[in-house]
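User: Could you take one close look at the helical part of this model and the loops that go with it? I would like a single connected account, with the reasoning behind each burial label spelled out.

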Amino acid sequence: LALTGIATAAALTLAACGGSGDGAGAGGDGKTMKLALNQTEDHPSYIALEAFGEDLNEATDGRWDIEVYPNATLGAQDETIQLVSDGSVDLSIVSAPQLENLNDDFVVFSLPTVFDSVDSQMSIINDADVVGDVYASLEDSQNFSVVGGITQGARSFYTKDGPVQTPADMQGLKIRVQESPVFISMMKALGASATPMAFGEVYTGLQSGVIDGAENNEVSYFTQKHFEVAPYFSYTRHLIGADFLIASTPVLDAMSQEDRAAFDEAWQNTWKYHTELWNEATEKAITDAESGGATFTEVDAGAFADALSPMIEEFVTTDTQRALYDGIKAAGE
Ligand code: GCU
């Protein structure tokens, strides 16, 4: 009886870590990895990540595949970080500020003016020579690493009651921000009041008036339907945001050298494809939001940049932050 018990337990363990299943476990012979995403199916990130899975599947003769779970069905980004950390989800796309809470070197990626353009941002944040150390920094404490990044484009403010033309117009407004010190400080510098909130709660926050506005790119503004409840989009372009792909360390370690190389190559194709899709998606989002009643206004972006310029000094304080910041700046030249 005792023996049977042990055999059953062993069989259960095997099944849980099984090669063909899509459940948790490292999956030495490959598996279908779960990827958490908080965007809709018509967002370029979903489209590019679906292609990532197809690419990987083909390159590994079906050993490894990816199933993308859109619309935050696996949880808000901070929750999925926890799930990747404990191994119940394999991959997740998380916004840079979310990782700032685990290692404050990550603040550098969310500072105004750190990146000059989407194209240069994309080659920099997928270049291990520049960012490798910080990407590997959470392996021991969190069991995951950053594989690379995809762009969020330039972020701008949008509001319920008329555009914000100058920083003075931000005075006293309640603005939703991502849950991070750098974003809270940004609102302070503009005289607004920061309301940290998960992405998925922004629509109802705007609708109910808990917040007066938010900030994001045109694509999310449209795909999340925020334009319906905050129709004034003001081109402050205060920073170019980054999303990171994080991957469970035991899962990456379970890949053969050959499969890992295929994974890395498929990722390089993915961020390039995503960048290609991005401009087109931005144009379409603007047209579609305008048809839905939104107004896009060019404003005094320089005045916003000036108001935010002290943030570099405020947040780049340690040697590692300085080295990362300087490395990114040098790579961008
Ligand atoms: C962008 C970004 C997301 C992020 C969101 C937010 O849409 O791509 O990763 O969650 O902004 O403001 O929370």
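**Helices, their crossings and the linking loops**

Analyst: Met311 is buried, because 22 other C-beta atoms lie within 10 Å of its own, and the cut-off for that label is 20 or more. Everything described here belongs to a predicted model. Met311 sits in helix H14, which covers residues 310-315. Between Met311 and Thr73 there are 34 Å from C-alpha to C-alpha, with a sequence separation of 238 residues.

The helix that can be followed in the fullest detail is H2, which runs over residues 44-59 and so contains 16 residues. From its first C-alpha to its last, H2 reaches 22 Å, which is close to the 22 Å expected at 1.5 Å a residue. The buried residues of H2 are Pro44, Ser45, Tyr46, Ala48, Leu49, Phe52, Gly53, Asp55 and Leu56. When reading such a list, it helps to recall that an α-helix has 3.6 residues a turn, so residues three or four places apart point the same way. After H2 comes Asp61, which has a positive phi, near 50°.

Turning to packing, two packed helices are described by the angle between their axes and the distance between the axes. For H2 and helix H12, the latter spanning residues 257-291, the axes come within 8 Å and the crossing angle is roughly 155°. H2 is therefore roughly antiparallel to H12, since angles over 145 degrees receive that description. The handedness of the crossing between H2 and H12 is right-handed.

H12 also takes part in a crossing with H5, where the axes come within 11 Å and the angle is roughly 165°. This angle makes H5 roughly antiparallel to H12, and H5 passes H12 in a right-handed crossing. Within H5 lies Ser120, which is partly exposed because 15 other C-beta atoms are within 10 Å of its own. Ser120 and Ala72 are 48 residues apart in sequence, while their C-alpha atoms are 29 Å apart in space.

Ala72 itself belongs to the loop between strand S2 (65-69) and helix H3 (77-85). Although Ala72 is not a glycine, its phi is positive, at about 55°. Because Ala72 has 18 C-beta neighbours inside 10 Å, it counts as partly exposed.

Thr113 is another loop residue with an unusual sign for consideration: its phi is near 70°, a positive value in a residue other than glycine. The loop that holds Thr113 connects helix H4 (96-100) to helix H5 (118-125). With 14 other C-beta atoms within 10 Å, Thr113 is partly exposed.

The loop between helix H11 (249-253) and H12 contains Met255. Met255 is buried because 20 other C-beta atoms lie within 10 Å, and 20 is the value at which that label begins. Met255 and Arg63 stand 192 residues apart along the chain, yet their C-alpha atoms are separated by 9.6 Å.

Finally, there is the ligand. Its surrounding residues are Asn38, Gln77, Ser95, Gln152, Gln178, Phe199, Asn216, Ser220 and Asp243. By class, this shell divides into 7 polar residues, 1 nonpolar residue and 1 charged residue.

Note on methods. Residues numbered from 1 in each chain as written. Predicted model: local features only at pLDDT ≥ 70, side-chain atom pairs only at ≥ 80, totals over all residues. Near = placed C-beta within 6 Å. Nonpolar A, V, L, I, M, F, W, Y, C, P; charged D, E, K, R; others polar. Helix = DSSP H or I, 4+ residues; strand = E, 2+ residues; numbered from the N terminus. Expected span 1.5 Å × (residues − 1). Buried ≥ 20, exposed ≤ 12 C-beta atoms within 10 Å, placed from the backbone. Axes fitted to C-alpha atoms, helices over the stretch in contact; angles between N-to-C directions. Parallel < 35°, antiparallel > 145°, perpendicular 65-115°, else oblique. Left-handed = near helix turned anticlockwise from the far one by under 90°.
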